[in-house]
Amino acid sequence: MTRPRRSHLFMPGSNPRALEKARNLPADGLILDLEDSVAPEAKAAARDGIAAAIAAKGFARREILIRTNGLDSPWWADDVAMAAKASPDGILVPKVSSVEDLEVIGRKLAELGAAPTVKVWAMIETARAVLHAEELAAAGRDPSSRLSGFVFGPNDISRETRIRMLPGRAAMIPMITHCILATRAHGLEILDGPYSDIANSDGFATECAQGRDLGFDGKTLIHPSQIDACNAIFTPPEEEVARARKIIAAFELPENASRGAIRLDGAMVERLHADMARRTIAIADAIAAMAKG
């Protein structure tokens, strides 16, 4: 199933009002957070709040992920136990750096009896994770890992590597493309990290467009004000969708059934363009379905 993942908004699990408001936000997905946005003394209450929010339903078609604390934290076991019972669409685990980490996560979810629909998303936010991105992505071939995709974490990578976070992210592009290639080689999804300067709407739009062009499926967000712009930038333009439908229709003509390439509107179009067109149409249709609730 093709699922739009243009915008995934982090929501602090310790804020009941935010969790309630999230039901009506136009984000494609929500990441109910137990990690960075929740103080140590509020972890238990946040856990209970997220479990209650998921049990109450009302999130419509939005993808619901729970970001747990890291495997090396004192909260991990309780976080994953709650998530296994609450049964969100998936859990997002910080600082996954090795295949062994993925094995621990998958094994724990199985021991807890988590439904097969509860998937795993790995935050790629350490130097080791970037270096081993292809190995991590390959581990997703094993169904027991439950791995669905990566979330690129530029802020933690910057802190660990001392690579500066500058406009345009030129210094990070080699790492970004390496991670994107790893996911595509193994059939996974990948989301871009958040843009922290909430007041800078132009900078945010520029980074969204860059992320789209680099191949990210969408972007993680830290404020509801970023949703509309993010959705617009990651939505295929109408003319692109129309062109995709025209390509598919042309290849479906009886006279083109056995042809590998055809001429359309003065340009050569190959079967690979038809494959790309099908994904564009699938994403556009999924976005339209989301809008209907």
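Which residues does aspartate 217 touch, not counting residues up to four places away in sequence? In this predicted model, the list runs Arg5, Arg6, Arg184, Glu189, Ile190, Leu191, Phe234 and Arg279. We'll come back to that residue after a look at the barrel.

## The barrel

The fold has a closed barrel of eight strands, and they go round in the order S1-S2-S3-S4-S5-S6-S7-S8 with parallel pairing. From one strand to the next, the twist averages 25°. As a reminder, strands of a sheet pair through backbone hydrogen bonds, either parallel or antiparallel.

For a sample of that pairing, take strand S3 (residues 63-67) and strand S4 (residues 90-93), which run parallel and share three bridges. Arginine 67 has leucine 92 as its bridge partner in S4.

## Leucine 32, inside strand S2

Leucine 32 sits in strand S2, which covers residues 29-33. Its relative accessible area is 0%, so leucine 32 counts as buried. Setting aside neighbours within four places in sequence, leucine 32 is in contact with Met11, Leu19, Ile50, Ile54, Ile64, Leu65, Ile66 and Arg67.

If you want a distance to check, try leucine 32 and valine 118: they are 86 residues apart along the chain, and their C-alpha atoms are separated by 14 Å.

## Aspartate 217 and its arginines

Back to aspartate 217, which is in the loop between helix H9 (201-214) and strand S8 (218-221). Is aspartate 217 buried or exposed? It counts as buried because its relative accessibility is 14%, below the 20% cut-off.

Two of the listed contacts are worth a closer look. The side chain of aspartate 217 makes a polar contact of 3.0 Å with the side chain of arginine 184. Another polar contact, at 3.3 Å, joins the side chains of aspartate 217 and arginine 279.

## Arginine 212 on helix H9

Arginine 212 belongs to helix H9. With 38% relative accessibility, arginine 212 is partly exposed. Beyond its neighbours within four places in sequence, arginine 212 is in contact with Ile233 and Phe234; Phe234 also appears among the residues that aspartate 217 touches.

Arginine 212 and glycine 168 are 44 residues apart along the chain, with 13 Å between their C-alpha atoms.

## The largest pocket

How much space lies in the largest pocket? About 690 Å³. Its lining has 25 residues, and Pro236, Glu240, Arg279, Thr280 and Ile283 lie nearest the centre. Arg279 is a name you've met already, as a polar partner of aspartate 217.

Helices H10 (227-234), H11 (238-251) and H12 (271-291) each supply at least two residues of that lining. H12 gives the most, with six residues.

## Two arginines with positive phi

Most residues other than glycine have a negative phi. Arginine 162 goes the other way, with a positive phi of about 70°, and arginine 169 has a positive phi of about 55°.

Arginine 162 is in the loop between helix H7 (154-161) and helix H8 (173-185), and arginine 169 is found in the loop between H7 and H8 too. Their surroundings are another matter: arginine 162 is exposed, with a relative accessible area of 77%, whereas arginine 169 counts as buried at 3% relative accessibility.

Conventions:
Residues are numbered from 1 along each chain as its sequence is written. This is a predicted model: local features need pLDDT of at least 70, side-chain atom pairs count only at pLDDT 80 or more; totals for chains, interfaces and linings use all residues. Side-chain values use heavy atoms; hydrogens and water are left out. Two strands pair if DSSP finds at least two bridges between them. Helices (H or I, at least four residues) and strands (E, at least two) are DSSP runs, numbered from the N terminus. Axes are lines fitted to C-alpha atoms, for helices over the stretch in contact, and angles run from 0 to 180 degrees between N-to-C directions. Buried means under 20% relative accessible area, exposed over 50%, partly exposed in between (1.4 Å probe, protein chains only). A polar contact is a pair of N or O atoms within 3.5 Å; within protein, one must be able to donate a hydrogen and the other to accept it, and residues adjacent in sequence count only if both atoms are side-chain atoms. Contact means heavy atoms within 4.5 Å. On a 1 Å grid over the protein atoms alone, a cavity is a set of points where a 1.4 Å probe fits but cannot get out, and a pocket is an open set with protein on both sides within 12 Å along at least five of seven lines; lining residues have an atom within 4 Å of a point. Grid points are joined across faces, edges and corners, and a volume is the space filled by probe spheres set on the points.
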